[in-house]
Number of protein chains: 2
Amino acid sequence: MLDALCFWLETDLIMVKRKTTRRAFLKGSVAIGGAALTAGTSVKAGEGDPLITETQEWAQFTGDGVDATPYGMPIDFESDVVRRNVEWLTADTISSVNFTPIHALDGTITPQGCAFERNHSGAIELPKEDYRLMINGLVDRPLVFTYEDLERFPRENHVYFCECAANTGMEWAGAQLNGAQFTHGMIHNMEYTGIPLRTILNEAGLKSEGSWIFVEGADASSNGRSIPIEKALDDVFVAFKANGEALRKEHGYPVRLVVPGWEGNMWVKWLRRVEVTDQPIESREETSKYTDTLADGTSRKWTWVMDAKSVITSPSPQAPITHKSGPLVISGLAWSGHGAITRVDVTLDGGKNWFQARLAKPGERKALTRFYLDIDWNGKDMFLQSRAHDETGYVQPTKEQLRNVRGLNSIYHNNCIQTWWVKKGGEVENVEVS
Amino acid sequence: MLDALCFWLETDLIMVKRKTTRRAFLKGSVAIGGAALTAGTSVKAGEGDPLITETQEWAQFTGDGVDATPYGMPIDFESDVVRRNVEWLTADTISSVNFTPIHALDGTITPQGCAFERNHSGAIELPKEDYRLMINGLVDRPLVFTYEDLERFPRENHVYFCECAANTGMEWAGAQLNGAQFTHGMIHNMEYTGIPLRTILNEAGLKSEGSWIFVEGADASSNGRSIPIEKALDDVFVAFKANGEALRKEHGYPVRLVVPGWEGNMWVKWLRRVEVTDQPIESREETSKYTDTLADGTSRKWTWVMDAKSVITSPSPQAPITHKSGPLVISGLAWSGHGAITRVDVTLDGGKNWFQARLAKPGERKALTRFYLDIDWNGKDMFLQSRAHDETGYVQPTKEQLRNVRGLNSIYHNNCIQTWWVKKGGEVENVEVS
């Protein structure tokens, strides 16, 4: 403590006038809160703001030392920025989903801690030393790899989004859930480290008749899925790190499959087996589930790719506008399983007039793209929508366009344009416009 | 539970033969462990590996439901991948540093939870509603901003590394600390969201005589630093999110300064004031500290830029090699405060022969670059080094070259080539070679 104290004494605290109490600060803060500052409005320093003119509480005492947080958690004030479940969605939290708090995030990277998780029989605890990956079926040499074996192959790094096919699935019949977290939060975007699946398939030696693979996990559900060999040899990836560190338990520690641009259910967690076959297995996860029943009663299957989609994350129902009018940042996310986002449009009036949004960075293939539109809000009602374009020329459809083709029986692959009704006071509601 | 159970019963567990106990698995695992698998060596499936031929424990029971982790922490097995302090380094953990576990990470993004933190009077707890940022001095209009005001300016996203000037500072006199975490772990790399400082300086209106800024934090140390106006108007950034979410308390919640490519001490946390001046302030943090005393007793000052540097993160003392010989991934990080990394070389024999490493992605300006060299290790001693090149043509120097110019009195800005001695059994030690 002496070290710290000396340090403090040596330091110029230029603006110190007099000490005050915590209570005084809060009082001052409330008074200023009423002054309705907006960006671009000046306030003279030192005039009437005790948070500036008096010694702030935080400048009078030392804070936590570096040993306090060997692994740092978010500050208490942000304790509402967490994954959330929708209780009525499933019978049990085993075989359920929780949602990324995208309304409160910015940028493109999703921290693992708040990245959505979906599991079919719970998140299992699989030690690295007990991990095995088998490659069998139509190969020259069936192989079994330990975790350490996988670490010896040449590694790559890639940023990809993972979206559950059921994301926005509750919205087919109408506007249901009041928050971007719940309507669009079955998505995350991470930097993966691992090895291309083709590396280990080639190690096993593909037989010429091998045209599909069947992948399954080590959990009780096993969650088996068939993937065409072309995709398997293209960009399918065996990942053991996300955002630099080991996968979280709920994301498939120690190894998961990454199937870029394709529905999240195929990104098998706790990956334990890849069988090379000459036909699809037609498992439960690709017949009774993860198929889309159309208006005429027939079902689409093999609907793997996640089409271009976007959503405004702020303002949104959980992130209302807190000032009366003036400069406002409209922000959101766009993505496409077919490649890079090339453009995003935003409308303030439910689709009558569109403005081209600013992309924070050029779109990356099969990864989230952040967009912004900076406006001077007049304080009145808005019907906000965003519309994504991808490198193939595809344009995100309206809900009506999608319903015309797919009917109302689907759960999965709802990539329609989302509408937020911003009301006069800044409150935001999930609605449909026609 | 019924839902999950039905699901499990419906699912094909193709490889199930018979149930076994946890004890049996561990026994099997040990037996296999002795088989010394290496990447590229095949093992026939179903022969002798009970982890494959018997029903795994994790496939017999459901795991954690999705409500278990509203904010997910790393799995228990990874509990050693945390920030660590070096006890003898400072008198107290207040005014100290802890280090990023770079030996255990891969890719380029550093998760906030294990990103190094350095503070001079502890990590303070500053609520958003009490946050104020003052712009004063040589401006047309002194301004005070609330947190919400800052949110109304046009936002940008940028990935930048932050390196403490003292990183590798204990190594000037010789090899001291046995681990990349401790020799090179005062660095992290995040995707920041915020606004360019020039935006709010322009809002206040710069007077023509304004040629420097002085920035300070709201903590007791205040940690004031002078920055030339050219840098302030170039890429200095006012950040309020890192890797998508709010800054951690220990990284300056709710707002920190980001000074791309320049020493970490200038990245003022809990940013509370930016004063425009016509000269540097010559504060404690830029006179008695963060200057470099040379052999002749004079000191270099204004040594802001972090020169090009690299380190092999694995293998390294905390990440020894665990197999006897064969395929081995050598992996590390490179960065430059002057721009992008263009090339990294790796030597296995202490500098006699160099091989060009593979960059995981083209180097990004002022951000970490991951490199790999894939070798077939003969099982014998190696003296591993890496050498970074940046876009200016600068090449990372040897420790000898650096000492010839700077002497032995410095603490800061040691960007010399690091040597790891890999021994026959895979153990790794921090050494110097001449």
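**How two chains and three strands are described**

Author: In this predicted model, 126 residues of chain A are in contact with 126 residues of chain B. Residues are numbered from 1 along each chain as its sequence is written, while chains are lettered from A and ligands numbered from 1 in the order in which they are written. Local features need pLDDT of at least 70 and side-chain atom pairs count only at pLDDT 80 or more, but totals for chains, interfaces and linings use all residues.

Reader: What makes two residues count as in contact?

Author: Their C-beta atoms, placed from the backbone, must lie within 7 Å. By that rule, 100% of the contact residues of chain A recur in chain B.

Reader: Why is the relation between chain A and chain B that of a two-fold axis?

Author: A turn of 180° and a shift of 0.0 Å along the axis lay chain A on chain B with an RMSD of 0.0 Å, the superposition being by least squares on the C-alpha atoms of residues with pLDDT of at least 70 in both. Therefore the relation is that of a two-fold axis. In chain A, A:Pro111 has the C-alpha nearest the axis, 3.6 Å from it.

Reader: What makes strand 2 and strand 3 of chain B a pair?

Author: Strands (DSSP runs of E, at least two residues, numbered from the N terminus) pair if DSSP finds at least two bridges between them. Strand 2 (residues 96–99) and strand 3 of chain B have three bridges, in the antiparallel sense, so they meet the rule of at least two. B:Ser96, for instance, has B:Asn119 in strand 3 as its bridge partner.

Note on methods
Helices (H or I, at least four residues) and strands (E, at least two) are DSSP runs, numbered from the N terminus.
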